[in-house]
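Visitor: I am new to this structure and should be grateful for a guided introduction. May we begin with the ligand and its surroundings?

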Amino acid sequence: MNDVSEPARRPPPKSGTPENIIEVHDVTVSFGNFNVFKHLDLEVRTGEILGFVGGSGTGKSVLMRTILDLVSKQEGTIRLFGQDVDELDPVARQRLNRRYGVLFQMGALFSSLTVRENIQVPMRENYSVNRKLMDELALLKLDMVGLPRSAADKMPSELSGGMIKRAGLARALSIDPELLFVDEPTSGLDPIGAASFDDLIARLRDTLGLTVYMVTHDLDSLHTVCDRVAVLADKKVIATDTVSNLLDFDHPWVQEYFRGERGRRFIPSGEQNATQSTPSAPSGASAPPNELD
Ligand SMILES: Nc1ncnc2c1ncn2[C@@H]1O[C@H](COP(=O)(O)OP(=O)(O)OP(=O)(O)O)[C@@H](O)[C@H]1O
């Protein structure tokens, strides 16, 4: 499927920034003789919020971790900010690492550090900043994610689930990244908390000019904040497009996901059966994930 519709909200890339901030080409990842992906391609455009979906266990988190160089690939190339990550020397790699932030599932805060200290970890690791300035910056990050400044001195165990996500986001934004990776940001939040987190992500993208790579199962997020959605199935990204175009994409998992019981509530009633040609179970769910091609 071609990417025919340009997302309306995506700001133009700043000069010197490539059109695609992430380019994954022909990537294969295996654990032992279990292939997670084979010859996978993906492009993320600068300035967009890209939702990344797929059945459980299809490899969404593994792909994100591969892009972040936390999982090794067996084949293929990954370009971030136009640079082939395998060709970077350690100094260039460190410089590149400063250009993105990551919000892992469940926030992944250090439990023995206060929220302020958690937010300051990337500052300490990457820059030499004096204590007073770091304290000021940590408070600004709390403002940015909508947490009260009083949260700075709390331990992670004293925070609610929604607050942990926001504190994790504040840490991901600690050193002003251009690219933000978020893994299941709304999981575990109630619908109001989830909608408010989606709003926050959209607002941060608009005000800070971020690009957002969002792994999610949340149909609300896909419909409300994502410019495009990439679908992982059959060990590949089978489509990357707007949700409205994906509704017509002829693949059983895509059809079941977007036009199944839960997805249907987002579709105007007159269009609900427009192209549905689906079996009742998604292929991604029925195929054993451990199968080796
Ligand atoms: N370090 C590892 N060693 C071996 N297998 C792994 C490892 N990490 C992930 N896997 C396997 O890779 C597959 C993909 O896992 P991944 O966590 O990426 O799925 P996912 O699509 O994010 O799933 P979910 O939506 O349920 O979070 C799974 O079968 C998982 O068991």
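Guide: This is a predicted model, in which local features need pLDDT of at least 70, side-chain atom pairs count only at pLDDT 80 or more, and totals for chains, interfaces and linings use all residues. Residues are numbered from 1 along each chain as its sequence is written.

Visitor: How many residues surround the ligand?
Guide: A residue is near the ligand if its C-beta atom, placed from the backbone, lies within 6 Å of it. The closest are Phe31, Ser56, Lys60, Ser61 and Val62, and the residues surrounding the ligand number 11.

Visitor: Which helix gives the largest share of the shell around the ligand?
Guide: Helices (H or I, at least four residues) and strands (E, at least two) are DSSP runs, numbered from the N terminus. Three residues of the shell, the largest share, come from residues 60-67, helix α1.

Visitor: Which strands stand at the edges of the sheet?
Guide: Two strands pair if DSSP finds at least two bridges between them. The open sheet has four strands with antiparallel pairing, in the order β2-β1-β4-β5. Each edge strand has a single partner, so one side of each is left without a neighbour in the sheet; these strands are β2 (34-45) and β5 (83-84).

Visitor: Which residue in β5 stands opposite Leu80?
Guide: Strand β4 (residues 75-80) runs antiparallel to β5, and two bridges join them. Opposite Leu80 in β5 stands Gln83.

Visitor: What average pLDDT does the chain have?
Guide: pLDDT is the predictor's confidence in each residue, from 0 to 100. At least 70 is scored by 83% of the residues, and the chain average is 83.
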